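I sat down with this model today and kept a few notes as I went. Here they are, in the order I looked things up.

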Amino acid sequence: MSEQLKFIVEQINKDPFKKNFNLITFDSLEPMQLLQILNDVLAEIDPKQAMDIREEMPEQTVKRMCVLLGMLKYRPPGNLSDVSTFRQGLVTGSKPVVHPILHWLLQRVHELKKRAYLARFLVKLEVPAEFLQDDVINDTYHQYEELVEGFKTYHKECEQLRTSGFSTAEIRKDISAMEEEKDQLIKRVERLKKRVESVSNHQRMLEQARQLRVEKEREESLTHQKQEQKNQLFQAEQRLQRSQQQLKDLQQAAADANPESLMKRLEEEIKINSYMVSEKLPKELVGMRRTVQYLQKVASEPAMGQADLQELEDKIKEADSQINQLIERKMMRNDPMDDKLTLYRQQASIIIRRKESKAEELQEAREELAAADRELRQRSSQAQASDGAEVIRGDELKRLVVKLRSKGTVYKKKRQEIAELKAEYGVLQRTEEILKERHETVQQKLQTVEAEKGISGYSDTQEELERVSAIKSELDEKKGRTLDDMSEMVKKLNSMIVEKKSALAPIIKELRSLRQRCQELSQEYEEKKVQYESCAAGLESNRSKLEQEVKALREETAQEENQYHHINSMSEIIEMQIQRAADEMKAYVSSDPQERKKAIREVYMKNISEQELLGKKLREKQKMVRESHSANMEQMKMWRDLEQLMECKRQCFIRAQSQASIGQVIQEGGEDRLVL
């Protein structure tokens, strides 16, 4: 859990979230704040989720988050598999619910962004079937499905282009290089034009050069057409020769062959073709269709992450283990010594394998023949195109063809044998390694199972018997036993079977009685089981009813206890209030003045009188202020005027001092003179 919290804090502190949390502050977040962080992470994956959850109802928030998490294929942990519990945890902002979601989302943000983007376009709208009866709605829905398929195609092409290795930087670089080359060519053309303009009759020479170029292009096209016509003529001659050769072969075959051999050959060809059509090709077609279906299914599904792949691998391993268990059970039930058809089954499987191998060889031979024909036609066309010599014809060609065919068949057989031996050797070597590994693992599992079941050594005995039977079958194949040997072996086997039957007859009789007893016991067991299940169901229903009653009584008891404690508290409060009232009455009616002063009524009356006196004084003061307000304002104005007057005198004094320093003013006869 601490590693999970540490990972979450590291991721949300990075871009693009840029939070500033540590383990303590993140763990102490309120549920609403934790839900807001979860919403911010979802908004980074799908921008439509960006909002303040305080402006939204809790039910709508949970519904929106659940829809997006379902679209992203999030699976809650094992202890939160209940949907109601999960929703309740989301509503309340429970840490055991929100922390795993954050951990899962932050591990695969880029992958989930892509999945959310694709889901916006690939999650189809569910339209009820009754609405699709309308033609307009049906056509619109088909157009919608076609657009979805088109989006899939364009998205795949876009992904292929992204992964193809072409980058915009390289393309821009190529474009800039091509533009530079274009500029250079334009400059070169301009220089050539300037050089040509100085030559006399340059227009006439340019026109002749243009005509020369046109004639050369026309000559090249005519040469190409001539070569094509030669090739067509050569192919027509080849087809004519093949047709003539086939006609001669058919005439010779018809002259040398009789109806029986022809019918036999046709029957063999029909058998081979019917086997290819009815058995081999349908199997291959079914396998290819299954492969195509798997590939279409994989292509139609959205992109899978590492968690989905891990889940599929776990399912595959589980299925393999179940298959191995079933095989082990089948091997334990089937004793190879008692199986009378084991030998015949082995022989039938050998024949089927040989038949399939021969069919594959025939298919390969046909493909090689077709390839040889194509190569022959190609070589002939190349030979005629190179020197134009005629192809050898007549008896010389026949002798050469016969010789080449004999050598070619021998060479093909040898080459095919070598290739088959190499391929078989490689396959067998790899198969041997795989089987050894599987054998070791299965042997270990089998030994553990045998040790648990108390039958150690059973597999070794069975392997020894299978080995002996395999050796016996191989020896039988190598010897190529005749029909007499087979009949003698059958007689021996029949005698052994009779002996075994006679030896097993008393055991079978005893086994029949035991089987009957087993059936009776199993029937009695089923009856008792039904009785037990009915009794258990009744007891279970009674138990559930009693549990419900006990739960209801406990809840009622808890309510009564709460009510009891509430009543006790209220009674204590009332008693205290009564006691205070009694003390107040006692102090109020007491003759002692000191006791009366302690009464609450006296204290309150004293405070009231003090407040009334204070209010009276404040009202008188307010009245005095109102009466003297105008006079005070006038006096304040006079003081401001006095202040301005004094300031003016000070300024005049300063100026007089400055003038006295320059010169002396003399007043005589009503005149003022300045003496410097």
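**Entry 1: salt bridges along helices.** I began with E647, which is partly exposed at a relative accessible area of 37%. Keep in mind that this is a predicted model. E647 pairs with R650 in a salt bridge whose closest N and O atoms are 2.5 Å apart. R650 is partly exposed too, at 42% relative accessibility. The two sit three residues apart in helix α19 (residues 629–662), so about one helical turn separates them. I then noted a network in which E540, R543 and E547 are joined by salt bridges that share partners.

Next I looked up E520 and R517, whose side chains form a salt bridge at 3.8 Å, N to O. They lie in helix α16 (residues 483–589), and because they are three residues apart, the separation is about one helical turn. I have E520 down as partly exposed at 39% and R517 as partly exposed at 47%.

**Entry 2: a bridge between elements.** My tally of salt bridges for the structure is 13. One of them joins D40 and K19, with the closest N and O atoms 3.6 Å apart. D40 is in helix α3 while K19 is in the loop between α1 and α2 (23–27), so this pair ties together parts 21 residues apart in sequence. D40 is partly exposed at 25%, and K19 is partly exposed at 29%.

**Entry 3: aromatic rings.** I counted five aromatic pairs. How are the rings of F21 and F26 arranged? Their centres are 6.0 Å apart and their planes stand at 65°; over 60 degrees counts as edge-to-face, so that is what I wrote down. F21 is partly exposed at 22%, whereas F26 is buried at 1%. I also found Y74, F86 and W104 linked into a cluster by ring pairs.

**Entry 4: the core.** F26 came up again in the largest nonpolar core, which has 34 residues; F26, L38, L90, I101, L102 and L105 touch the most other members. Helices giving at least two residues each to this core include α1 (2–12), α3 (31–45) and α6 (95–107). I followed L90 further: beyond its neighbours within four places in sequence, its contacts include L35, L38, V62 and I101.

**Entry 5: surface and totals.** I600, V603, Y604, M605 and I608 make a nonpolar surface patch of about 450 Å². I608 belongs to helix α18 (residues 600–627) and is partly exposed at 43%. For the whole chain I logged 19 helices and two strands, with 12% of the 676 residues buried. The chain exposes about 56400 Å², and carbon and sulfur atoms supply 57% of that.

Key
Residues are numbered from 1 along each chain as its sequence is written. This is a predicted model: local features need pLDDT of at least 70, side-chain atom pairs count only at pLDDT 80 or more; totals for chains, interfaces and linings use all residues. Side-chain values use heavy atoms; hydrogens and water are left out. Rings of Phe, Tyr and Trp (its six-membered ring) pair if their centres lie within 6.5 Å; planes under 30 degrees apart count as stacked, over 60 as edge-to-face and the rest as tilted. Buried means under 20% relative accessible area, exposed over 50%, partly exposed in between (1.4 Å probe, protein chains only). Helices (H or I, at least four residues) and strands (E, at least two) are DSSP runs, numbered from the N terminus. Accessible areas come from the Shrake-Rupley method with a 1.4 Å probe; for residues, only the protein chains shown count as cover. Patches are made of residues with over 30% relative accessible area and no salt bridge: like charges are joined within 9 Å, nonpolar side chains (Val, Leu, Ile, Met, Phe, Trp, Tyr) within 5 Å. A salt bridge is a side-chain nitrogen of Lys or Arg within 4 Å of a carboxyl oxygen of Asp or Glu. A nonpolar core is a set of buried Ala, Val, Leu, Ile, Met, Phe, Trp, Tyr and Cys residues joined through side-chain atoms within 4.5 Å. Contact means heavy atoms within 4.5 Å.
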